[in-house]
Amino acid sequence: MFLVLAIVVLGVCEYEKLLLNILRPPLAPSLRFMHLVVSIGTILAAQLGVLTGIFECAAVTLLVMLLALQGNAKPQDGGSPITFSHISSQVFGVFYTAYLPAFWVRLRAIPVPLPSEPS
């Protein structure tokens with residue numbers, strides 16, 4: 001389990017570096033930390049047996065944090081603080097760094113018998 005969490009942390013860090021270079025204005029540092037927390041929480045929920053609603057709860061949490069933390073800040077150029085690319089990057093980020101590894105954890109938990117030799 002710790003190996004999966006380490007992979008998720010590395011994936012989130014890499015995804016956030018990518019977003020830092022692409023998004024203008026960049027995401028707030030607290031949103032980057034929140035993405036990490038939500039991703040780890042998603043993996044832990046999948047490990048504890050929560051089967052439905054993980055992705056939806058994680059995506060809504062990050063979008064609410066995006067609106068609360070960055071929605072009221074005015075950029076210096078007078079543009080919009082949140083664009084469609086901010087919203088889509090948050091939702092895709094949760095899918096890429098949290099839901100897919102959680103799904104992988106669930107797949108590994110399915111007991112599959114080894115194939116037997118034909119008799």
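**Reading a helical model, question by question**

Trainee: Let's start with P25: what is its relative accessible area?
Mentor: Buried means under 20% relative accessible area, exposed means over 50%, and partly exposed lies in between (1.4 Å probe, protein chains only). P25 counts as partly exposed because its relative accessible area is 24%.

Trainee: What kind of model are we looking at?
Mentor: Residues are numbered from 1 along each chain as its sequence is written, and side-chain values use heavy atoms, with hydrogens and water left out. Local features need pLDDT of at least 70, side-chain atom pairs count only at pLDDT 80 or more, and totals for chains, interfaces and linings use all residues; the model is predicted.

Trainee: Back to P25, then. Which residue is joined to it by a cis peptide bond?
Mentor: P25 sits in the loop between α1 and α2; helices here are DSSP runs (H or I, at least four residues), while strands are runs of E of at least two, all numbered from the N terminus. Most peptide bonds are trans. This one has an omega of about -5 degrees, and the partner of P25 is R24.

Trainee: Which residues does P25 touch beyond its neighbours within four places in sequence?
Mentor: Contact means heavy atoms within 4.5 Å. With those sequence neighbours set aside, the contacts of P25 are Q70, P75, S80, P81 and H86.

Trainee: On to α2. How far does this helix reach from its first C-alpha to its last?
Mentor: α2 covers residues 29-47, which is 19 residues. The expected span is 1.5 Å times one less than the number of residues, and that gives 27 Å for α2. The model comes close to this, with a reach of 28 Å.

Trainee: And which residue with a positive phi follows α2?
Mentor: Most residues other than glycine have a negative phi. The one after α2 has a phi near 100 degrees, and this residue is G49.

Trainee: Which helices help cover the buried residues of α2?
Mentor: There is a fair list to cover: L31, M34, H35, V38, S39, T42, I43, A45 and A46 are buried in α2. Residues three or four places apart in an α-helix point the same way, because there are 3.6 residues a turn. The cover over the buried residues of α2 includes α1 (2-22), α3 (54-70) and α4 (84-108).

Trainee: Let's zoom in on L31. Is it buried or exposed?
Mentor: L31 belongs to helix α2. Outside its neighbours within four places in sequence, it contacts L62, M65, L66, L69, Q70 and Q90. From Q70 it is 39 residues away in sequence, yet 8.6 Å away in space, C-alpha to C-alpha. At 0% relative accessibility, L31 is therefore buried.

Trainee: At what angle do α2 and α3 pack?
Mentor: Axes are lines fitted to C-alpha atoms, for helices over the stretch in contact, and angles run from 0 to 180 degrees between N-to-C directions. For α2 and α3 the axes are 10 Å apart, and the angle is about 165 degrees.

Trainee: So are α2 and α3 roughly parallel or roughly antiparallel?
Mentor: Angles under 35 degrees count as roughly parallel, over 145 as roughly antiparallel, 65 to 115 as roughly perpendicular and the rest as oblique. Among the residues that meet are M34 and V38 in α2 with T61 and L62 in α3. The packing angle is about 165 degrees. That makes α2 and α3 roughly antiparallel.

Trainee: How do α2 and α4 compare: roughly parallel or roughly antiparallel?
Mentor: Their axes come within 8 Å and cross at roughly 25 degrees. The residues that meet include H35, S39 and T42 in α2 and G93, T97 and A98 in α4. With that angle, α2 and α4 are therefore roughly parallel.

Trainee: Is the crossing of α2 and α4 left-handed or right-handed?
Mentor: A crossing is left-handed if the near helix is turned anticlockwise from the far one by less than a right angle, and right-handed if clockwise. For α2 and α4 the crossing is right-handed.

Trainee: Last one: how many disulfides are counted?
Mentor: A disulfide is a covalent bond between the sulfur atoms of two cysteines, and here it takes a pair of those atoms within 2.5 Å. As for the cysteines, C13 is partly exposed at 39% relative accessibility, whereas C57 is exposed at 52%. The count of disulfides is zero.
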